[in-house]
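Visitor: I am new to this structure and should be grateful for a close look at a single part of it. Please take the interior as the subject.

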Amino acid sequence: MILENLEEVNKRIISACKKAGRDPKEVTLIAVSKTKPSSMIEEVYGAGIRAFGENKVQELCEKYKELPQDISWHMIGHLQRNKVKQILGKAELIHSVDSLRLAEQIEEDAAKLDLTVDILLEVNVAEEESKFGFKLEETEEAILKIATFPHVRIKGLMTIAPFVEKSEENRFIFKKLRQFYVDMQSKNIDNVTMNVLSMGMTGDYEIAIEEGATLVRVGTGIFGTRYKIGENEV
Ligand SMILES: *Cc1c(COP(=O)(O)O)cnc(C)c1O
């Protein structure tokens, strides 16, 4: 079942790229494996996927220990400052840098370990109360500040679009972030590469690709539904 799902997702990525006149090599699928056991990850790994996304520090660290070393782990969930040091050197990219204070903490911990940490800034484009992230109009100032941190490298931007009935409703969100991203690229800010745009999940990754995503984060579409206990996804 998982492998069929994966094949379907890969097919849709390719057709979205075709529709947009993009090379499928420009888009990397991140299989979001949060809450899912290592056995399922191994199955997807066996089909050639090497990028996996997790949203909890402890879970990422456990899976990191258990699973093959050539996996690149992506931290996609809200990160508490006191847990930063646990994932440094383990997460290839932190997508969810949602405040200046968090970026400062990453700089501080990375300096101690003499590491350079690749990050994305999370932008709350729709300004949803329930979501973390910079407002779009705050983001440039944050980029300019974080760009001066010697142990942090901004690679690009990430957004989580609202939950909508029809994915088409999120197109303007992706378009808006892409426009800002291109604008930031053109400013050639020192220490900022701005070549990663992480947007699109199971419900809307095709639209996100049409609008320029370079990383798509797909969980349910590959692994099936996650179980919920009360309000909490487990
Ligand atoms: C869970 C999660 C995803 C994957 O969501 P699906 O709808 O299951 O594809 C993507 N991005 C983030 C930040 C997530 O927390």
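Which residues have the most contacts inside the largest nonpolar core?

Guide: The model shown here is a predicted one. In the largest nonpolar core, the residues with the most contacts are Phe52, Ile94, Ile106, Ile119, Ile143, Leu157 and Ile222. That core has 68 residues.

Ile119 may serve as the example. Not counting residues up to four places away in sequence, Ile119 touches Leu93, Ile94, Val97, Ile106, Ile146, Val152, Arg153, Ile154, Lys155 and Gly156. Two of these partners, Ile94 and Ile106, are themselves named among the residues with the most contacts in the core. A second core, separate from the largest one, has 7 residues, including Leu120, Met158, Val196 and Leu215.

The setting of these cores is the protein as a whole. Its secondary structure consists of 9 helices and 10 strands. Of its 234 residues, 49% count as buried. Among contacts with a separation of 6 or more, 58% are made by residues 24 or more positions apart. The radius of gyration is 17 Å, which agrees with the value near 17 Å that a compact globule of 234 residues would have. Along the principal axes, the C-alpha trace spans about 45 × 40 × 35 Å.

The outside completes the account. The accessible surface comes to about 11,800 Å², and carbon and sulfur atoms hold 49% of that area. As for charge, the protein has 32 positive and 39 negative side chains, and the centres of the two sets are 1 Å apart.

Note on methods. Residues numbered from 1 in each chain as written. Predicted model: local features only at pLDDT ≥ 70, side-chain atom pairs only at ≥ 80, totals over all residues. Heavy atoms only, no water. Helix = DSSP H or I, 4+ residues; strand = E, 2+ residues; numbered from the N terminus. Rg over C-alpha atoms; globule rule 2.2 N^0.38 Å. Buried < 20%, exposed > 50% of the residue type's maximum accessible area, 1.4 Å probe, protein only. Contact = heavy atoms within 4.5 Å. Areas by Shrake-Rupley, 256 points an atom, 1.4 Å probe, with all protein chains shown as cover. Lys, Arg positive; Asp, Glu negative; His and termini not counted. Charge placed at Lys NZ, Arg CZ, Asp CG, Glu CD. Core = buried A, V, L, I, M, F, W, Y, C linked by side-chain atoms within 4.5 Å.
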